[in-house]
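Welcome! Take a moment to look over the sequence and the structure below, and then we can walk through them together.

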Amino acid sequence: MARSRTSALSVAVALGCTAVAYNLSAAFVGSSPQLRGGPAVARGVGTDYLLRNGPKDADPPAVDTSKAAGATVDIEFKKRPFGIARYVPGVGGKGAVVRDVTQKTRYPGDPQGQAFVAGVQADWVLKSVNGQDVSGMGFFVIMQMLDDEVMDPVAAMSLNLKASGVKTDLRNDGAERTQGEKFAITSDLDKVAVVDMPAKLVYQQM
């Protein structure tokens, strides 16, 4: 009798572990940043951009992007990503300044090599996007417009979780609770329109 009860308990534990493993794999394994039980969420990169991309100790002081008076360079980017690894804000969080450019092109037509091939340099100020002057815009708004960031899976999942919350099967009152409806983090940046490709960007030297 004792052996029978022990066997039954072992089977129950094994089944429980299998269910937990299935739920975790369904929620976090895969290339798509999608939560189990809910649709995929496309969250713009403007959210928390600086938490993922700087600042760095070696960065120079912020500049006043409105005072850029050097030569301008027009570049048409055909597709994302552009190959600009990092932007930083100007004084007061206004404007966007190139800080790091991906210094290689892996193959002919490599999107991440576009900025390198076009000769984009650090410290250039982003002047306009498709004819719209952005030199005085808020930094995060500009990042949202460009939607140009290569994120690792952890960063992508973090944005997804903030946008939609976490769906759970835990029952409190006999009904399924959806944490996403209560804890989803929204932002005015989500209302900023992302520019279509191809996009014409004008950079100006300080």
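## Burial and surface

Of the 206 residues in the protein chain, 32% are buried. Keep in mind as you read that this is a predicted model. The protein chain exposes about 12300 Å², and carbon and sulfur atoms supply 57% of that area.

## The overall layout

If you trace the protein chain, you will meet six helices and eight strands. Their order along the sequence is α-α-β-β-β-α-β-β-α-α-β-β-α-β.

How far apart in sequence are the residues that touch? Among contacts in the protein chain between residues at least 6 apart in sequence, 74% join residues at least 24 apart.

## Strand β8 and its partners

A good place to zoom in is strand β8, which covers residues 199–204. This strand is mostly covered, with five of its six residues buried.

Which strands pair with β8? Strand β1, at residues 72–77, runs antiparallel to β8 and is joined to it over six bridges. Here Val73 has Tyr203 of β8 as its bridge partner. Strand β4, at residues 125–129, is also antiparallel to β8, with four bridges between them. In this pairing, Val129 is matched with Leu201 of β8.

## The largest nonpolar core

Next, look for the largest nonpolar core, a group of 25 residues. The residues with the most contacts inside this core are Tyr87, Leu126, Leu146, Leu201 and Tyr203. At least two core residues come from each of β1, β2 (84–89), β3 (96–101), β4, α4 (139–146) and β8. Helix α4 gives the most, with five residues.

Leu126 is a handy residue to click on. Setting aside residues up to four places away in sequence, Leu126 touches Ala96, Val134, Ser135, Ile142, Leu146, Leu201, Val202 and Tyr203.

## A closer look at Ala115

Finally, visit helix α3 (residues 114–118), where you will find Ala115. Is Ala115 buried or exposed? Its relative accessible area is 0%, so Ala115 counts as buried, the cut-off being under 20%.

What surrounds this residue? Apart from neighbours within four places in sequence, Ala115 is in contact with Phe77, Phe82, Gly83, Ile84, Val101 and Val120. You can also compare Ala115 with Ala85: the two are 30 residues apart along the chain, while their C-alpha atoms are separated by 9.6 Å.

Definitions and conventions
Residues are numbered from 1 along each chain as its sequence is written. This is a predicted model: local features need pLDDT of at least 70, side-chain atom pairs count only at pLDDT 80 or more; totals for chains, interfaces and linings use all residues. Side-chain values use heavy atoms; hydrogens and water are left out. Buried means under 20% relative accessible area, exposed over 50%, partly exposed in between (1.4 Å probe, protein chains only). Contact means heavy atoms within 4.5 Å. Accessible areas come from the Shrake-Rupley method with a 1.4 Å probe; for residues, only the protein chains shown count as cover. Two strands pair if DSSP finds at least two bridges between them. A nonpolar core is a set of buried Ala, Val, Leu, Ile, Met, Phe, Trp, Tyr and Cys residues joined through side-chain atoms within 4.5 Å.
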